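Have the model open in your viewer and follow along from stop to stop. We'll start at the ligand and work outwards.

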Amino acid sequence: MTNSAVQEEFLRSFHAVRPAVTAEAFGRGRGPDGRSSYELLRDRVAGHRRVLDLGCGDGLLLELLARDGGRELAGVDLSPQSLALARRRPGLGAARLHIGRAQELPFADGSFDACVSHLALMLMGDIEQVAAEVARVLVPGGVLACVMGGGAVGGEAYERFVRLLRRAGEESATRIPALGDGRVRGREGLEEVLRPVGFGEVEWETVPIDIGGTLEQVWECVSGLYDLAPMEARTVARLRQDFLAEVTDLLTPEGTVPCGFKVRLASARLVRLV
Ligand SMILES: C[S@@+](CC[C@H](N)C(=O)[O-])C[C@H]1O[C@@H](n2cnc3c(N)ncnc32)[C@H](O)[C@@H]1O
């Protein structure tokens, strides 16, 4: 099995059990101006009619895009279970939703004006092939806009969780496969991948997203990370206990804890056919 095949098999089995985990965690997350990371992406492609979502999961972003009306929408995802949820969304009755790989898009050349991807591009192997496929299905002048994970905001619950997770991971015998191509998590690396297939300069922004809430809500979010999947139940139970103890000093009088996660919002325009 190739590395990508191993990664994709892991993602498929993970999302078979947790098909909506990202939307559950980030759907209620808010940036400084009150928008979620999904809304940031929606706004990046405002005015684009034919939009493809790469790694669309349960379709939360596509549904937001559908609300603007008059759009032709499509989504691709490895997970049949996530796509089954997307198909149930009332706004997505006409969307073309395909089970498959972003490396082999089942669409004709120049079929889209924009391509979006929320917390998914950074998980994809064979990234040059993904970039080539995106360039192929976009029209010249089309836009790729994506949100990538950028780590913890200092001093808040997510940072503390990551520290505890690292410790728990060291004690755990099994690890998840390394996912995706790290280059796309940085502006220069993303440009290195996109330029050869005809994209211009990458616009890059870092936005803190607060996925804070009650202790239980925050635990639900952070425990949805892929890294917990291979851990034994007792390791997860201890991690939970340690985490809840670790963040009690962050509790506000309203009974919530702040949990900041940085996202990288990146976009680039297809400037030439290669
Ligand atoms: C973290 S989830 C994000 C889901 C959704 N975009 C969201 O934010 O709610 C990543 C998604 O990307 C999908 N994915 C990862 N690699 C993929 C690939 N090579 N082709 C298609 N989908 C992929 C996974 O199956 C998963 O549904």
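What follows is a walk through the ligand site, one strand, one helix, a few loop residues and the cysteines.

Keep in mind that this is a predicted model. Let's begin with the ligand. There are 21 residues around it, and those that come nearest are Tyr38, Gly55, Asp77, Ala102 and His118. Two of these also turn up among the polar contacts. At Gly55, the backbone does the work: one of its polar atoms sits 2.7 Å from a nitrogen of the ligand. At Asp77, the side chain is involved instead, with an N or O atom 2.6 Å from a ligand oxygen. Gln103 also uses its side chain, where an N or O atom is 3.0 Å from a ligand nitrogen. How much of the ligand does the protein cover? On its own the ligand has 590 Å² of accessible area, and the protein covers 96% of that. As for secondary structure, the elements giving two or more residues to the shell are α1 (3–17) and α2 (21–26). Of the shell's contributors, α1 has the largest share, with three residues.

Now move to strand β1, residues 50–54, and pick out Val51. Is Val51 buried or exposed? Its relative accessible area is 0%, so Val51 is buried. You can see what surrounds it by listing its contacts beyond four places in sequence: Val51 touches Leu65, Arg71, Glu72, Leu73, Ala74, Phe112, Ala114 and Val116. Take Arg71 from that list. Val51 and Arg71 are 20 residues apart in sequence, yet their C-alphas are 7.5 Å apart in space.

For a contrasting pair, go to Arg238, which is in helix α10. Its relative accessibility is 42%, so Arg238 counts as partly exposed. Measure from its C-alpha to that of Gly142 and you get 48 Å, with the two positions 96 residues apart in sequence numbering.

Helix α7 is the next stop. This helix runs over residues 157–171, 15 residues in total, and spans 21 Å from its first C-alpha to its last, close to the 21 Å expected at 1.5 Å a residue. Which of its residues are buried? They are Ala157, Tyr158, Arg160, Phe161, Leu164, Leu165, Ala168 and Gly169. Select those, then look at what lies over them: the cover includes two strands, β5 (138–152) and β7 (260–269), along with two helices, α9 (215–222) and α10 (233–247).

Since α9 and α10 have just come up, look at the loop between them, where you'll find Ser223. Ser223 has 13% relative accessibility and therefore counts as buried. Its side chain reaches the backbone oxygen of Glu220 at 3.4 Å. Once neighbours within four places in sequence are set aside, Ser223 is in contact with Arg18 and Leu228.

Another loop deserves a look for its backbone angles. Most residues other than glycine have a negative phi. Against that background, find Leu119, in the loop between β4 (112–118) and α6 (127–137). Leu119 has a positive phi, near 50 degrees, though it is a residue other than glycine. That same loop between β4 and α6 also holds Asp126. Asp126 is not a glycine either, and its phi is positive at about 45 degrees. Their accessibilities put the two residues in separate classes. Leu119 is at 10% relative accessibility, so it counts as buried. Asp126 has a relative accessible area of 37%, which means it is partly exposed.

Finally, turn to the cysteines. How many disulfides are there? With a cut-off of 2.5 Å between cysteine sulfurs, the count comes to zero. Cys56 is in no disulfide, and the nearest cysteine sulfur to it, that of Cys115, is 11 Å away. With 7% relative accessibility, Cys56 counts as buried. Cys221 is in no disulfide either; its nearest cysteine sulfur belongs to Cys259, 6.7 Å away. Cys221 counts as buried too, at 9% relative accessibility.

How values were computed: Residues are numbered from 1 along each chain as its sequence is written. This is a predicted model: local features need pLDDT of at least 70, side-chain atom pairs count only at pLDDT 80 or more; totals for chains, interfaces and linings use all residues. Side-chain values use heavy atoms; hydrogens and water are left out. Buried means under 20% relative accessible area, exposed over 50%, partly exposed in between (1.4 Å probe, protein chains only). Helices (H or I, at least four residues) and strands (E, at least two) are DSSP runs, numbered from the N terminus. The expected span of a helix is 1.5 Å times one less than its number of residues. Contact means heavy atoms within 4.5 Å. A residue is near a molecule or strand if one of its heavy atoms lies within 4 Å of it. A polar contact is a pair of N or O atoms within 3.5 Å; within protein, one must be able to donate a hydrogen and the other to accept it, and residues adjacent in sequence count only if both atoms are side-chain atoms. Accessible areas come from the Shrake-Rupley method with a 1.4 Å probe; for residues, only the protein chains shown count as cover.
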